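Colleague: Thanks for sitting down with me over this one. Could you walk me through a few spots, one question at a time?

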Amino acid sequence: MFKFKLGRKQPEDNEARRRLQKELFGFSKICDRGFPSRPSAIAYDPQLKLIAIGTHAGEIRIYGQPNFQVSYNLNNPSSIRKIIFLNGIARVLILTSDGYLHLLEINNLNSIHIDHICTSNENSESILKDTQTLCLLRNNLNLLIGLHNGNIYSFNIENFSLNTKPIIPTEIIEKIIVENCSGRIIHPGSVQSIVQHPINDDKVLIGYKNTLIVHWDLPSNSHDRTYIYKQEVESVCWYNQGRNFATCHSNGSYALWDAKQQLNIVETEKIPYGPYPCIPMTKINVKIMRNGDPLIIFSGGLPRSSYSNKHTVSCLCENEHNNERTRHVTFDFTTGIIDFFTIDKLSSDGSRDDPQSLVILLNEEIVMVDLLTDSWPSYHLPYLNSIHASPIICTTFACNVNQEFHKKLINYALIQFEENSDRQWLITGGEIKKIINDDSQEKNLLLTGHEDGSIQFWDVTNISMPLICKLKTSDYFQIEQAPNDDVDEETWPPFRKTGIYDPYCDDPRLAIQKLALCTNTDTLIAAGTAGQVLAFQFTAEPTDVNLPMTTVNLLDGCESFVWKGHEEMKTKSTFVSSGFLATSCIQLYPPAAVSALALCSDIQCYAVGTAHGFALINYQQSRILTAKCTLDPNSLGHTSKVPSSFGESTLIRGRSLKKSLRESFRRFRKGRTIKKSTMTPTTQRADESHPLSATNMHLEEITRVPIERQVEFREFKQNDDQTVSMVRCLYFAKTYLNSLHDRTRSLWAGTNGGHVYVYSIIGFESQTLNRTTITTDQTSSCSLAKEIRLKHKAPVLSIIVLDGLNQSIGQGSNIPLIDSKFLTTEIPIQTTPTHSENVTSHKVLICSEEQFKIFTLPHLKPSGKFKLTATEGTRVRKININQFASKTDHHFLFPGSLMVKTNLDNPDESHSEYCLTCLDNMGHISIYSLPTFRRQILFNCVKPTDITALSSLQFTPYAHAFYLQSSSEFTEVTFSLKNSSPCSMMISYDKLQRKTILRSNEDQSSQQISSKRDESHDHVEELTHEILSKDSICSSTPKTIDNKNEYEEPESITIIKSNPNENNSGFSTNSDSAIDLNSMNITNNQPSNDEVLKPIEHDPPSFQSTPLKVTTEPSITVSQNGDHASISPVLSKSSKKAAPPPPPPPKPAKLISVKVRQAPTINEVHCYNGTNNKSSSPSQQTPAIHT
């Protein structure tokens, strides 16, 4: 009770510690893996062999060869309607739904990234909003824009401006209709499609909605021919070197035309799935194959009455003279089709397209079909996999997996995906320089458990995340399957089920809740929703499996409990060709969902827990070692009156006296806090999610009175007993459980009610099996050794046993482990000669939702505690123990290394330390030193409202984390400066073909307005890089955007005042020696009208409590019209030669008294792997600290 009177200790070696923190910690985003959420457009560059995918959220992802990926987020996020590559020059045109065209380009400066060149002005917004189709001419200088009202406009890419007068107005087309098609149609309708002639660049083919097709000559701006069809036009395309063209129509038909014939001469017209009414055929593409046969590819066109809800792309190859060469396949997909295209390999004379593959973008996946193989199989995707083919329920990370196990997985995958195409992946753009060789590189796996009972193994060693193999647990159980519609399937249309996305599940009990993997023993444990637990081993031979089931009753002593949920699972016999083979099956009763799972392959055991209790199972013998019911028998039997809360009991004088004294001291302390706070300036907290905002950061140094939040006592109602009894974590450790001289194997179990059970496991003998030390079960026994009850009764989320180096020495649920051969041996404990003790005892860290607490072993004496909820107002979601090494530490190879050097006086020496990493319910990742729990740094990782990301976040031993950014995409982040990507990327393009963009005065003035509107969303990273990149165009004279990447170094540091009512940082700290990143002017806010950019003459000592002299340099022009300053990122050639304008008169210097905390500086803020994040959301901000 007197701990607050003593005050806090002074921070140790502040300056040296701060320098070290800059070397240890730094938050950055590595990459996104999976399939982009809500895609809206796709484009392909046949010269650079790149594909680009745009989303409804304004994100652009560009992919090349495996492990080549770069992304970009638009400033003002809006849905992307169309993406067009400027072929061969690494530039991309983006049309958004808000009526703007954006020009992006890929550059290789420092690291590969995407720069935003310019945006169309606001005058063209109304026209671009009405866009129906786009056509980029092959000169990369003009873009034809077709509108819904029938007008066609021209957009000049050289000056990036729109011609406000249509080049092909509707009036001219109406005159053509009167002259050639009088009486048949009146208005052409919307422009459905514009395609340029494949040989003659002056000719385009225009398809109008109201049955009209026009062959147009661009130089003369007149029509050559007109064609009329009896149905509405949906799409048109050229083929056969422009001698023919094809059209598809709203009645499900297509027509093949001779381009040299006159009006209404159709070579072929056909309704492939008629004669009954059909849905519209939305797009058609005709290619000439290698053998000279035409390949017709179209979407839609199915019979309306029977298959109107199907999503299909059909491939039809007909040969009148040889029926054996006729093929027809209707690819049937689960989700809607966005777009498709073919990857061709033109013949030398250009007479044949020779299509290699068909790429189809769907709402939830992407499919690539091999057109060279006769059966037209699908490719096995190296990236862009649909990880949410069945909804993801759980994830498990395994790093540094055993090499032999990895080879077995690869061999199993060859058998599993033998039906896929064996040809090489055709999208091979970009260049990759690997830092680490593939042979010496450690392999990392990410396991996902799905709702349909499947387990998928993903290779996350590099940026790409290919699917290695898939395991189905549904093959071992009897389930009620839905009637198969394919039994009476008709032979016409020739449907072929394509794609892997299938969100439907036959039985919800199959869902995988928990996974545990040991690659040293080839053991996989999978636990499901109905209490079923399967143990798998690898097999190389085909086997018939008749799996017996062992039932474990968790209601020992609670027989009055009645289960009213789903039934138990029942096994069935099955055949396994090779791969994972189930060796044992345990059925828990009651069959509730498994809430915790831990594997200890050393003793061939695993522990499993539910809402009713937990059990320890020997999976090799399918034997139950122990089972414990965590339910309260009194509350179930109603034999005695149960208090409304666990805190209520009969009146005890001692407890009443303690409570009275405690409340008196709290009132006394609260009164002193109020008196002292009245003498110091206080500010109302603007955002509870950011407890250390910029507005009250300086108060931390003034008011050092500890303020502790009042945490309400937990009251558990009688019907909430199952929630209280739920097992949240399980942990195996060989530690000093009973004495300091003997290490005992133990099992730790934590519940929702703050209860910790500790069991000792004895009777196992060591034996070497294969390559791992295995202990065989002889006369094993498991008994309750200790029991811990937390006073605040918060759910126990994690239990970790630490050694003298603060390193985890066990295996448990939610604690990732490095699978390597050296970890199977016991790690020696450091001895300290100066201490009287001959050995350093172990400690156990118990983490609840509200606090961290360390107990010494074996006596369980409290040695450290940190109340997170009481001090910060947040709750713990996930924790992990990570090793952090300085950037100069070249000996740091893996988190399991024992090298630790702590010489703070010499920063050049290597240093590594173990810290506690914590994710709270506000999306913050904070790092704490051990065992003092002094917070080192705090990052904003995900949004507090993103429940999917918070619940799915998975820590790794390498100070990385994976979480679901959406249901279909994983995001990997790192909070250590030591761990970076194992490869670097670059791209080669024709720099001479990149023509400069010239903007007129009117366009630049409108561009200024547009940039001001978007700057409120920008981070300080974009503001400081504005001089170094082509992010906006705003100047008083016409200027040139050059492509030579010539940048001038900034001569001063810009400081922008921030809004005190908003959060201005992705970082925050709360300890005496923590890095104070809020004092570094990192802001997302737009400066107000009376604020200007004020550069500092030179880099001052930024951490002092003396007045700072802030002056304004005349080299930066400040606008006087009430808006903030606009800095020109690129200077034209003419402006370089002209004399500079006279500088404004310098203003007198101001003395501003600033009270700031001591913290390091940021010399560079950037993102890894070309990932550009301009969104204001915390989950998308990826800054890192570099010196």
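Modeller: Happy to, and let's start with a pair of facing residues: Thr-247 stands opposite Ala-255 in strand 20. Please keep in mind that this is a predicted model.

Colleague: Good start. Which residue stands opposite Thr-247 in strand 19, on the strand 18 side?

Modeller: Strand 18 covers residues 233-239 and pairs with strand 19 in the antiparallel sense. Six bridges hold that pairing. The residue opposite Thr-247 is Val-236.

Colleague: And how many bridges join strand 19 to strand 20?

Modeller: Strand 20 takes in residues 254-258, and the two strands run antiparallel. The facing pair of Thr-247 and Ala-255 belongs to these strands. The number of bridges joining strand 19 to strand 20 is five.

Colleague: Which residue in the turn between strand 19 and strand 20 has a positive phi?

Modeller: These strands form a hairpin with four residues between them. The hairpin of strand 18 and strand 19 also has four residues between its strands, and there Asn-240 takes a positive phi near 60°. In the turn between strand 19 and strand 20, phi is about 85° at Gly-252.

Colleague: Is strand 19 itself mostly covered or mostly open, and how many of its residues are buried?

Modeller: Take its two faces in turn, with buried meaning under 20% relative accessible area. Asn-244, Ala-246 and Cys-248 point one way, while Phe-245, Thr-247 and His-249 point the other way, and all are buried. Strand 19, residues 244-249, is thus mostly covered, and the buried count is six of six.

Colleague: Let's turn to the cavities. Which strand gives the most to the lining of the second largest cavity?

Modeller: A search of the whole structure finds seven cavities of 30 Å³ or more, and the second largest has a volume of about 80 Å³. Its lining has 13 residues, and the closest to its centre are Arg-33, Gly-34, Gln-69, Tyr-383 and Leu-384. Strand 1 (25-34) and strand 4 (59-63) each supply at least two lining residues. The biggest contribution, three residues, comes from strand 1.

Colleague: How many residues of that lining are charged?

Modeller: The lining of the second largest cavity is a mixture. Five of its residues are nonpolar and four are polar. The charged residues number four.

Colleague: Last one: over residues 440-462, how far apart are the end C-alpha atoms?

Modeller: An unreviewed UniProt entry annotates this stretch as "repeat: WD". In the model the chain there is 0% helix and 52% strand. Its end C-alpha atoms are apart by 13 Å.

How values were computed. Residues are numbered from 1 along each chain as its sequence is written. This is a predicted model: local features need pLDDT of at least 70, side-chain atom pairs count only at pLDDT 80 or more; totals for chains, interfaces and linings use all residues. Side-chain values use heavy atoms; hydrogens and water are left out. UniProt positions are given in the numbering used here, feature names are shortened, and annotations may be inferred rather than shown by experiment. On a 1 Å grid over the protein atoms alone, a cavity is a set of points where a 1.4 Å probe fits but cannot get out, and a pocket is an open set with protein on both sides within 12 Å along at least five of seven lines; lining residues have an atom within 4 Å of a point. Grid points are joined across faces, edges and corners, and a volume is the space filled by probe spheres set on the points. Ala, Val, Leu, Ile, Met, Phe, Trp, Tyr, Cys and Pro count as nonpolar, Asp, Glu, Lys and Arg as charged, and the others, Gly among them, as polar. Buried means under 20% relative accessible area, exposed over 50%, partly exposed in between (1.4 Å probe, protein chains only). Two strands pair if DSSP finds at least two bridges between them.
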